[in-house]
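Biologist: Please take me through this model and justify the labels you attach to it. I will ask what each term rests on.

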Amino acid sequence: MKYFKLIVILLLVPNCSSKKSVLQNRSLPTTFIFKEVLVNTTEGLTNLKSMQDSILFDINSLSGKDSLIISEFSNEILSYLVMPKAETRIYVEIKNDTLWRYNKENGKMVGDYLMVPKYNGVLHYFDRTKTINYRKYDLFKGMDEYEVLEDTTDRKEIMGFDCHKLKLIKKYNQSDLGNTIYEMYVTQEIDAPLHSVINLGKYVPHTFPMEITISEENLPGLTERYEIFDMK
């Protein structure tokens, strides 16, 4: 079993007191809508096709070990082989101390609900009535190894929220794909799970992603991107 190692690089900058007073009076949104964009280059698709057999071999060899996350991971990787036919929107709703997530394609809900307690790393899978919890998965169960790089000097404003750069590097020592790299712009003005948009444990507290780009170390030319589209 891998030992969990967390490396955090913090570059601190002073906060503006006038901005704090504005934030205290702001009515924060409770629903966030993200759009999913797959960016595929010819080189990237060629590389993926050449590695398809080894990717499937890795997935099969891990059968029974975190099979739920492995299955979702394989679907994400192999989805690059075809362009998405539908416009995907991810809805994130914060209600009290829980967060609910669901997807829509062309305006219609697809799949079921995901629920995450705000201070818990467990995904709860619910049916569309929100009454039957038919599956659970602990995002920290695997004790995966991450490198965390946080740069508070790299900032930009997204939908009126002040954001800074956060990079998570998930280590895969036995995969031909290499490490998985999550590059995000996160805000500290919204308190919700880091895995609100994607199935990823929260390794840096009090951060909410407004923009996420996912890439594989050994698959240049392919990225999966989530961008904030609207909020209510």
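Modeller: Start with one facing pair of residues: Arg 155 stands opposite His 164, which belongs to S9. Bear in mind that the model is predicted.

Biologist: What makes S8 and S9 a pair of strands?

Modeller: Two strands pair if at least two bridges are found between them. S8 and S9 are joined by 10 bridges and run antiparallel, so they meet that definition. The two form a hairpin with two residues between them. In the turn, Met 159 has a positive phi of about 50°.

Biologist: Where else is phi positive in a residue other than glycine?

Modeller: Asn 96 has a phi near 55°. Asn 96 sits in the loop between S3 and strand S4 (98-105). Lys 130 has a phi near 65°, and its place is the loop between strand S6 (122-126) and strand S7 (133-138).

Biologist: Why is Asn 96 called exposed?

Modeller: Exposed means over 50% relative accessible area. Asn 96 has 72%, so it counts as exposed. Its C-alpha atom is 8.7 Å from that of Lys 118, and the two residues are 22 apart along the chain.

Biologist: And why is Lys 130 called partly exposed?

Modeller: The relative accessibility of Lys 130 is 26%. Buried needs under 20% and exposed needs over 50%, so a value in between is partly exposed.

Biologist: How do you know that Lys 130 lies over the face of Tyr 113?

Modeller: The distance from the ring centre is 4.7 Å. The cut-off is 6 Å, together with an angle within 35 degrees of the ring normal. Lys 130 is listed as lying over the face of Tyr 113, so the angle condition is met too. Arg 135 lies over the face of Tyr 125, at 5.2 Å from the ring centre.

Biologist: What makes the pair of Tyr 91 and Tyr 102 stacked?

Modeller: The structure holds seven aromatic pairs. In the pair of Tyr 91 and Tyr 102, the ring centres are 5.1 Å apart and the planes differ by 10°. Centres must lie within 6.5 Å, and planes under 30 degrees apart count as stacked, so the label follows. The pair links strand S3, which holds Tyr 91, to strand S4, which holds Tyr 102, across 11 residues. Both tyrosines are buried. Ring pairs also link Tyr 91 and Tyr 102 into a cluster with Trp 100, Tyr 113 and Phe 126.

Biologist: Why is the pair of Phe 34 and Phe 208 called tilted?

Modeller: Its angle between the planes is 50°, with 6.4 Å centre to centre. Stacked needs under 30 degrees and edge-to-face over 60, so this pair falls among the rest, which are tilted. Phe 34 in strand S2 and Phe 208 in strand S11 are 174 residues apart. Both are buried.

Biologist: Why is Ile 94 called buried?

Modeller: The cut-off for buried is under 20%, and Ile 94 has a relative accessible area of 15%, so it is buried. Ile 94 is found in strand S3 (residues 88-95). Leaving out residues up to four places away in sequence, Ile 94 touches Thr 30, Phe 32, Leu 99, Ile 190 and Ala 192. From Ile 94 to Ser 196 the C-alpha distance is 9.4 Å, with their positions 102 residues apart in sequence.

Biologist: Which residues have the most contacts inside the largest nonpolar core?

Modeller: They are Phe 32, Phe 34, Leu 168, Met 184 and Met 210, in a core of 32 residues. Strands that each supply at least two residues of this core include S2 (31-40), S3, S8 (146-158) and S9 (161-170). Apart from it lies another core, of seven residues, among them Ile 33, Trp 100, Met 115 and Phe 126. As for Leu 168, its contacts beyond four places in sequence include Tyr 146, Val 148, Ile 181, Met 184 and Leu 200.

Biologist: What are the totals for the protein?

Modeller: There are three helices and 12 strands. Of the 232 residues, 44% are buried. Among contacts between residues at least 6 apart in sequence, 56% join residues at least 24 apart. The accessible surface comes to about 12600 Å², and 51% of that belongs to carbon and sulfur atoms.

Methods
Residues numbered from 1 in each chain as written. Predicted model: local features only at pLDDT ≥ 70, side-chain atom pairs only at ≥ 80, totals over all residues. Heavy atoms only, no water. Helix = DSSP H or I, 4+ residues; strand = E, 2+ residues; numbered from the N terminus. Buried < 20%, exposed > 50% of the residue type's maximum accessible area, 1.4 Å probe, protein only. Contact = heavy atoms within 4.5 Å. Core = buried A, V, L, I, M, F, W, Y, C linked by side-chain atoms within 4.5 Å. Phe/Tyr/Trp six-rings, centres within 6.5 Å; stacked < 30°, edge-to-face > 60°. Areas by Shrake-Rupley, 256 points an atom, 1.4 Å probe, with all protein chains shown as cover.
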